[in-house]
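Here are my notes on the model you sent over. Please read them with the coordinates open.

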Amino acid sequence: MELEFRLPSLGADMESATLTEWLKKPGERVRHGEPLVTVETTKGLIDIESYEDAEVLEQLVQPGSKVAVGTALARLEVQGASQAPPAAPAPEATPPPAPMGPLAPASRPPASAVESPGTPPPRARISPAARRRAQELGVSLEELERFAAGGFVHIEDVEKLAAQRPVAHTDARGAMRATIGAAMARAKREIPHYYLAHAVDFAPAREWLARHNATLPVQDRLIEAVLITKAVALAAARIEGFNGYFLHGRFESSAAVHVGAAIAVRGGGLVAPALLDADRKDLPTLMRDFSALVTRVRAGHLRSGEFTAATITVTSLGAEGVDVLFPIINPPQVAIVGAGAVREQPWVRDGELIARPVLTLALAADHRVTDGRAGARLLRAIADLLAQPQAL
Amino acid sequence: MDPDTLESRLLSLLTSVAPDIEPQNLDPARALREQVDFDSMDTLHFAAAVSKTFGIDIAETEYARLASLRAAEAFVRERLAAKG
C-alpha cells in the first residue's frame, strides 16, 4: 500500500518547519520508529520518526524548504496493514496537536532512547553552537555544508562565512520565545487553572540518594529530579484526572504515563520533551533516558515522538531556584507539577522543631477536569512516594 | 591555546558534554552555574567525563569542586598528584 508521509504537528503552536536533511534515500527501507527526516523548528532540530515499516518511494520536499504542518514530505510503500492513521491533520487556523497522533510513543524502540552523555548525533558535522549562530546570522545549512566540504563546522567558520556576505538577520531565540509565548497564552486563555502547593520533608529521599550514589561511578548515579519525576509519574498513574489530554471539549485519560521534563535551553527558552512510560521504568533506566534527553536538548537535536508524547509535565528551577514555582499547564495536557529548590527549613515533627531539607511542590491543574480535592490527593500521593524512596 | 594543557583538556570535556556553550566566551574563574546555566544533569555529565578521562574518583559531595574551570583544574591537579 502506498501512502504519503506528512509533516506532523509537534506542538499546539507549530505551523511549519524547514526540512534540513533526509535520513533515508528513495529505495531505502525505514523501520517503524526509525528517524526518516530532520526538520528545523523554533524548538531546534527534530528527527521525525516513521510510523510504518516502509520503503521510501519518492522525496517530495527538498532540504531548505519551509513547509506547513500536514504537507506531504514523501511517498512510502508500506507492507501489510497500516499501524496508524496515515496523515497528520491538515493545517487549520490553529492546527490541533497530535499527541497520540501518527507516532505511537509507547511502541518506540527503547534502544533509541539511550545514548551516552556527550555523544553528539553521529552525522552532525555542524556543531550546535555553530548551527545556532548560523541561524542568527542567516547563513543557510547548504552554504555551510558547501563551505565545510565534508569537514566539521565550528562557530568561527560560520562567522567567517557570514562576514563575507550581506545577510538577512533572523532571530532563533526570538522565535523560541514566540513559540513559548503562543503556547502559554493559549494555556492561560483556555485552561481554568487552579493551584495547590505542598511542602515535603525531602530528607528521606536525599539520604537514600546519597547512600545509593555512594557506591556507584559518577555516570551511574541518580539525581534528585529523577526521584521527583518517578514519584509524579506513579501518583499520576494512580489518581485519575491528571494524566492525559483535554481535546475536543473533553478529557481523554492516558493509560501510559509520559512525563514531560521541562529543560532549559541555554541562551534562553525551554523545551519539555517526554520521558516515556516513566511510571514503569526503574530509576536507573529513567535516569539514562533523562540523561540522554538532556544530551539531545543540549545538542539541539530531539525526536518527534518526544515532543508530542508528554501526558503530564514536571518543571524545576533546580538548586538555584526559589521555594515555590507556580507552573503553567502545557496544553493539551491538564496538569503540571513545579518543584521548588530543596532548602533547609524549620520543620515540626512529633512536637519538636527540627531543621529538614524541604521541597515544595506546586500543582497547576485544569478545573475542567478536576477539583482541588483531587489535586490535593495527587500532591499527597507524591509526598508519600518521596517519603519511601526505596520503593520508587 | 596549547591543546595539552589541563585547562584546554577540561574545556574540551566541557564542550563535549555541553556542546551548546560557546567556549571562547567562557571566563574560567566564574561558576559554570552562573555563566552557562549549568544544571544538576550538566554537572553530573561533566563530573562523569572528568572522572573517566583522568581516572579519578569524584564523590557526590565533591561536585562543588568542579564549579568553575579554574576550580576543576585545581581539583584534578590535586587528585592526580595524590595518585602519584
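The points below cover the overall make-up, the nonpolar cores, a helix pair and a sheet.

1. This is a predicted model, and the remarks here should be read as statements about that model. Chain A is built from nine helices and 20 strands. It has 392 residues, and 54% of them count as buried.

2. On sequence separation in chain A: take the contacts with a separation of 6 or more, and 67% of them join residues 24 or more positions apart.

3. The largest nonpolar core has 110 residues. Those with the most contacts inside this core come from both chains: Phe242(A), Leu361(A), Ile382(A) and Leu386(A) on one side, Leu10(B) and Phe46(B) on the other. Helix H6 of chain A, residues 224-238, supplies the largest share of this core, with nine residues. Two domains of chain A, domain 1 (2-89) and domain 2 (193-391), each give the core at least three residues.

4. A second core, of seven residues, is separate from the one above. Among its members are Ile126(A), Ala130(A), Leu144(A) and Val158(A).

5. Which residues does Leu10(B) touch, leaving aside those up to four places away in sequence? They are Phe46(B), Val50(B), Phe54(B), Leu69(B), Ala72(B), Glu73(B) and Val76(B). Leu10(B) is also one of the residues with the most contacts inside the largest core.

6. Leu10(B) takes part in a helix packing as well. Helix H1 of chain B (residues 6-17) and helix H4 of chain B (residues 69-83) have axes that come within 10 Å and cross at roughly 115 degrees. The crossing of H1(B) and H4(B) is right-handed. From H1(B), the contact uses Leu6(B), Glu7(B), Leu10(B), Leu11(B) and Leu14(B). From H4(B), it uses Leu69(B), Arg70(B), Ala72(B), Glu73(B), Val76(B) and Arg77(B). The list thus holds Glu and Arg residues along with Leu, Ala and Val.

7. Chain A contains an open sheet of five strands, ordered S7-S2-S4-S5-S16, with mixed pairing. Strand S7 (66-68) and strand S16 (301-303) are the edges, each pairing on one side only. From one strand to the next the twist averages 40 degrees.

8. How do S5(A) and S16(A) pair, in the parallel or the antiparallel sense? Strand S5 of chain A (residues 44-49) and S16(A) are parallel, over three bridges. Within S16(A), Leu302(A) is the residue opposite Ile46(A). In general, the strands of a sheet are joined through backbone hydrogen bonds, in a parallel or an antiparallel sense.

Definitions and conventions
Residues numbered from 1 in each chain as written. Chains lettered and ligands numbered in written order. Predicted model: local features only at pLDDT ≥ 70, side-chain atom pairs only at ≥ 80, totals over all residues. Heavy atoms only, no water. Core = buried A, V, L, I, M, F, W, Y, C linked by side-chain atoms within 4.5 Å. Buried < 20%, exposed > 50% of the residue type's maximum accessible area, 1.4 Å probe, protein only. Helix = DSSP H or I, 4+ residues; strand = E, 2+ residues; numbered from the N terminus. Domains from an automatic or database assignment. Contact = heavy atoms within 4.5 Å. Pairing = 2+ DSSP bridges. Axes fitted to C-alpha atoms, helices over the stretch in contact; angles between N-to-C directions. Left-handed = near helix turned anticlockwise from the far one by under 90°.
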